[in-house]
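Trainee: I should like to work through this structure by question and answer. Where would you have us begin?

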Amino acid sequence: MLKKRTDAATAVVLCVVAILVLRLWYLQIQQGGEYMQLSESNRIRVQQLAAPRGNLLDRHGEIMVTNRPRFNVIWIREDAPHPDEVIKQLARILDLDISELLDRIRAGAEQPRFIPTRLKEDIDWRTLVRIENNSFNLPGVQIEVQPSRDYLYGNMASHLVGYLGEINRQELAERPGDGYRSGDPIGKMGIEKLFESYLRGEKGRSYVEVDVRGFAQKQLQIQEPLPGNDLQLTLDAEIQQVAEKVLEGQAGAVVVMEVDTGRLLALASAPHLPLDQFVGRIPLPVWRGLLDDRRAPLLNKPVQGQYAPGSTYKIITALAGLEEGVVTPETTHYCAGSIVFGGRRYHCWNRNGHGHVNLKQAMTVSCDVYFYQLGQRLGVDTLARYARILGLGGKTGVVLEHEKAGLVPTAAWKLQRHREPWQDGETLSLAIGQGFNLVTPLQIARMTAAVANGGRLYRPKLMVAIRDPEGQVIQEFAPELERDISTVKTRTWRLLQEAVEAAVAGERATGRSARIKDIRVAGKTGTAQVVRLSHFEHLEDDEEIPYQFRDHAWFTAYAPADKPEVVVTVLVEHGGGGGLVAAPMAKTVLEAYFRQAAQKHEEVAASPNRE
């Protein structure tokens, strides 16, 4: 009985083994080729998912720059068994030369075959549909969906916002462990570059089973990307728009700054950059046009443009004269239209002269002769000391790249730089903002704010806060007082404030075109010569002077004069007279500021939640 059971069990085991052997033979021998092809034709592909970049907000929380989907055509070499035919067909669809496609493919030849090469960025819907409809005949060609910048206000604040571009080899080498790879976007300029680590977010991953032609068969797993952090700027979108509007058709800069915080409400540079052209790869003709434009659109003029300050520098000369006791408010000088010094005649802008003028009157009419004599008594090094006290000759510390320091000349500087001693006649030019003097518009705005608040020099601020995607504050940026100019007496500040208010409100004031009804404005005009006027004295009309030789127009102001809130500084390159050109532009910006302030006050007053 036991033997029968053993034989039966043995037979069952042998039967099972036989079945397994037959099955293995069938799978390995009979169907082995087919399964080998299936195993080679299907694979798991890990695709990186681009993270949405953080938004840029203005000081009120309004979104200025966000994201939109951008569709790019990519090429994966390992999925393309017959690339020549595919490239020919793709060139027709994309309306590109085959040579251009081949150049892009060759550029990515050093990378692994599974790494995609981007062939064309930001295609339109029509092209997208044609590629999708022909996808079976385009193995290796795929559509990549990537977040792209969407500029809700067009080119507003273009120099400040900056732009993105494709990461290059040097940038890849500098960031070996940051998760970048060829083709990724990266900030190239402005806020986009400076705050790249906050804005970029964290890539996601998608695990997809694809066949031999690269077509997706099954979604296996997905790890969603993490969006970047939002940046809330100090800019006011409404004020920035007005500032750029007044600069339309001009080259120059407008700076709007809060007096008691240093926060920048507007930082406009003209001409603007065409941000939409920088999406993907900027066309070569556009880039060459920017380089060749004599108005220098690539320069961020509030911080990188360096100009003679013209008569705005008379604020420095007046401060030094009052504080050093060289003049009193009652001290007068006679202006006959010119002065002879060292055998040379130095003219006032008013060739007929201003007669006897004291400090306030000289500031009101911007009398050059008065400030020639004051500067000569002070000397170059004393003027330089007060210029540096008010922040000239050094970087402001604003968080922007390539800021220029300007130039505050001294006797020692000239001896070292030019191997020549300082000439007393050069001090006269210096005292009215000509000669070797160089400033940036932001420096002049900060100087004006320090006069308005009585000697507090703030570091200009562009950031309010960094917020995570849920809106929670990660980091806040408080106002930063760089120094309190306690060495200057309170009385001196008051006298200087009265003088610059007279330069707008006084009789025959050069800044009278900046007056605003019911709001007291204090300010100073400036006209900075590019070349000596004697070169063009034979011309009857200033319009006949070649553009590049025309004067720069300045106006810097604060308001209200009795309780300062805001500074507006305007520079118009080759614009002519500051009182005629720059002052009305500053008035327009100031009116926009106070109009907005009045509206917000009315909204608060009408709010039902107001206690």
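Mentor: Let us begin with a definition: a residue counts as buried when its relative accessible area is under 20%, as exposed when that area is over 50%, and as partly exposed in between. Please bear in mind that the model is predicted.

Trainee: By that definition, is Arg118 buried or exposed?

Mentor: The cut-off for a buried residue is a relative accessible area under 20%. The value for Arg118 is 11%, so Arg118 is buried.

Trainee: With which residue does the side chain of Arg118 meet in a salt bridge?

Mentor: Arg118 lies in strand S4 (residues 117-120) and its partner in strand S6 (residues 164-166), so the pair ties together parts that are 48 residues apart in sequence. The partner is partly exposed, at 26% relative accessibility. The N to O distance is 3.9 Å, and the partner is Glu166.

Trainee: How many residues apart in sequence are the parts that Glu323 and Lys489 tie together?

Mentor: The side chains of Glu323 and Lys489 meet in a salt bridge of 3.3 Å, N to O. Glu323 counts as buried at 14% relative accessibility, whereas Lys489 is partly exposed at 46%. Glu323 lies in helix H13 and Lys489 in the loop between strand S20 (481-484) and H20, so the separation in sequence is 166 residues.

Trainee: How far apart are the closest N and O atoms of Glu480 and Lys461?

Mentor: Glu480 lies in the loop between strand S19 (473-476) and S20, and Lys461 in the loop between strand S17 (456-458) and strand S18 (463-467). Glu480 is partly exposed, with a relative accessible area of 33%, while Lys461 counts as buried at 14%. Their closest N and O atoms form a salt bridge at 3.2 Å.

Trainee: What should helix H20 span, and how far apart are its end C-alpha atoms?

Mentor: Helix H20 covers residues 490-505, which is 16 residues, and the expected span rests on 1.5 Å a residue. The expected span is therefore 22 Å, and the distance between the end C-alpha atoms agrees with it, at 22 Å.

Trainee: Which elements are included in what covers the buried residues of H20?

Mentor: The buried residues of H20 include Trp493, Leu496, Val500 and Val504. The cover includes helices H13 (314-323), H14 (359-365) and H19 (441-453), together with strands S21 (522-528) and S22 (552-559).

Trainee: Which strands stand at the edges of the open sheet?

Mentor: The sheet has five strands in the order S12-S11-S23-S22-S21, with antiparallel pairing. Each edge strand has a single partner strand, so one side of each is left without a neighbour in the sheet; these strands are S12 (264-270) and S21.

Trainee: What angle does the direction of H20 make with that of S21?

Mentor: S21 and S22 run antiparallel and are joined by seven bridges; in S22, Phe555 is the bridge partner of Thr525. H20 packs on the sheet and touches both S21 and S22, and its direction makes an angle with that of S21 of about 70 degrees.

Trainee: Which side chain is joined to that of Thr427 by a polar contact?

Mentor: Thr427 lies in helix H18 (residues 424-431) and is buried, with a relative accessible area of 4%. Beyond its neighbours within four places in sequence, its contacts include Gly375, Gln376 and Leu383. The polar contact is 2.8 Å, and the side chain joined to Thr427 is that of Trp422.

Conventions: Residues numbered from 1 in each chain as written. Predicted model: local features only at pLDDT ≥ 70, side-chain atom pairs only at ≥ 80, totals over all residues. Heavy atoms only, no water. Helix = DSSP H or I, 4+ residues; strand = E, 2+ residues; numbered from the N terminus. Expected span 1.5 Å × (residues − 1). Buried < 20%, exposed > 50% of the residue type's maximum accessible area, 1.4 Å probe, protein only. Contact = heavy atoms within 4.5 Å. Pairing = 2+ DSSP bridges. Axes fitted to C-alpha atoms, helices over the stretch in contact; angles between N-to-C directions. Salt bridge = Lys/Arg side-chain N within 4 Å of Asp/Glu carboxyl O. Polar contact = N/O pair within 3.5 Å; in protein donor to acceptor, adjacent residues only side chain to side chain.
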